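Biologist: Could you take a close look at one helix for me, and then walk outward to the parts around it? I'd love one connected account.

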Amino acid sequence: MNSVQGLLAASVISIQNSCFIYPACQNCFSRLILDSRRFHCLKCGCTGEAKDASYRYRLALKIADTNDLFDITVFGSCLDPFFGVTAKNLQRYIQDFNQLSGETNTEPSTRALVQAVEACFIGKRFIFGV
């Protein structure tokens with residue numbers, strides 16, 4: 001992982017993705033391939049049971065300072081304070097909610113989460129380590 005080269009004070013203009021959580025390899029943080037029972041990392045070859053998969057935040061943002069627009073991606077546990085839980089726990093809450101509601105269409109819960117994230121970030125100013 002690279003160290004911070006500088007700091008950038010900028011405002012969030014938009015959220016670029018609607019999927020903020022991904023199943024991540026515990027060794028290399030790459031996206032895991034999940035099936036109903038197992039996971040597999042294409043990068044390092046790590047495998048395991050799907051129920052033991054780790055999750056990580058990935059938030060792609062369009063930001064602006066006083067002069068320029070930037071596309072950045074914020075990864076990992078630095079987003080825990082904004083979401084209030086770890087990515088793994090948020091994923092569990094989403095799965096539990098979808099199971100309890102009995103809905104096969106997860107679009108409404110995804111849309112509600114996207115709206116909450118937009119309300120938290122869009123128009124707000126942050127200092128980003130780049």
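Modeller: Happy to! Let's start where helix α2 ends: Gly 102 follows α2, and the phi of Gly 102 is positive, near 75 degrees. Please keep in mind that this is a predicted model.

Now the helix itself. α2 covers residues 87-101, and at 1.5 Å a residue its 15 residues should span 21 Å; the C-alpha atoms at its ends are 21 Å apart, so expectation and model agree. Within α2, the buried residues include Ala 87, Leu 90, Gln 91 and Asn 98. These residues lie on the same side of α2, because the arc they cover around the axis is only 105 degrees. An α-helix has 3.6 residues a turn, so residues three or four places apart point the same way. Gln 99 and Leu 100, on the other side of α2, are exposed.

What do the buried residues of α2 pack against? Their partners are β2 (21-24), β6 (54-64), α1 (80-83) and α3 (107-121). Let's follow two of those partners, β2 and β6.

β2 is covered on both faces: Ile 21 and Pro 23 are buried on one side, and Tyr 22 and Ala 24 are buried on the other. In a regular strand the side chains alternate between the two faces of the sheet. β2 and β6 run antiparallel and are joined by 4 bridges, with Ile 21 standing opposite Tyr 57 in β6.

Just beyond β2 comes a loop that leads to β3 (32-34), and Ser 30 sits in it. Ser 30 has 18% relative accessibility, so it counts as buried, the cut-off being under 20%. Apart from its neighbours within four places in sequence, Ser 30 touches Tyr 22, Pro 23 and Ala 24, along with Cys 25, Cys 41 and Lys 43.

β3 belongs to an open sheet of 3 strands, ordered β3-β4-β5 with antiparallel pairing. β3 and β5 are the edge strands, each pairing on one side only. From one strand to the next, the twist averages 25 degrees. Between β4 and β5 there are 3 bridges in the antiparallel sense, and Arg 38 stands opposite Glu 49 in β5.

The loop from β5 (47-49) to β6 holds Asp 52. With 39% relative accessibility, Asp 52 counts as partly exposed. Leaving aside neighbours within four places in sequence, Asp 52 is in contact with Gln 26, Phe 39 and Lys 88. Lys 88 falls within the 87-101 range of α2, which brings us back to the helix. Asp 52 and Arg 37 are 15 residues apart in sequence, with 9.8 Å between their C-alpha atoms.

Finally, the core. In soluble globular proteins, nonpolar side chains tend to be buried together. Here the largest nonpolar core has 27 residues, and Leu 61 and Phe 128 have the most contacts inside it. Among the elements that give two or more residues to this core are α2, α3, β6 and β8 (125-129), and β6 gives the largest share, 5 residues. Phe 128 is in contact with Leu 61 itself, and its other contacts beyond four places in sequence include Leu 7, Val 12, Ile 63, Ile 72 and Val 74. So β6 turns up twice in this tour: the buried residues of α2 pack against it, and the core takes its largest share from it.

How values were computed: Residues numbered from 1 in each chain as written. Predicted model: local features only at pLDDT ≥ 70, side-chain atom pairs only at ≥ 80, totals over all residues. Heavy atoms only, no water. Expected span 1.5 Å × (residues − 1). Buried < 20%, exposed > 50% of the residue type's maximum accessible area, 1.4 Å probe, protein only. Arc of directions from axis to C-beta. Contact = heavy atoms within 4.5 Å. Core = buried A, V, L, I, M, F, W, Y, C linked by side-chain atoms within 4.5 Å. Pairing = 2+ DSSP bridges. Axes fitted to C-alpha atoms, helices over the stretch in contact; angles between N-to-C directions.
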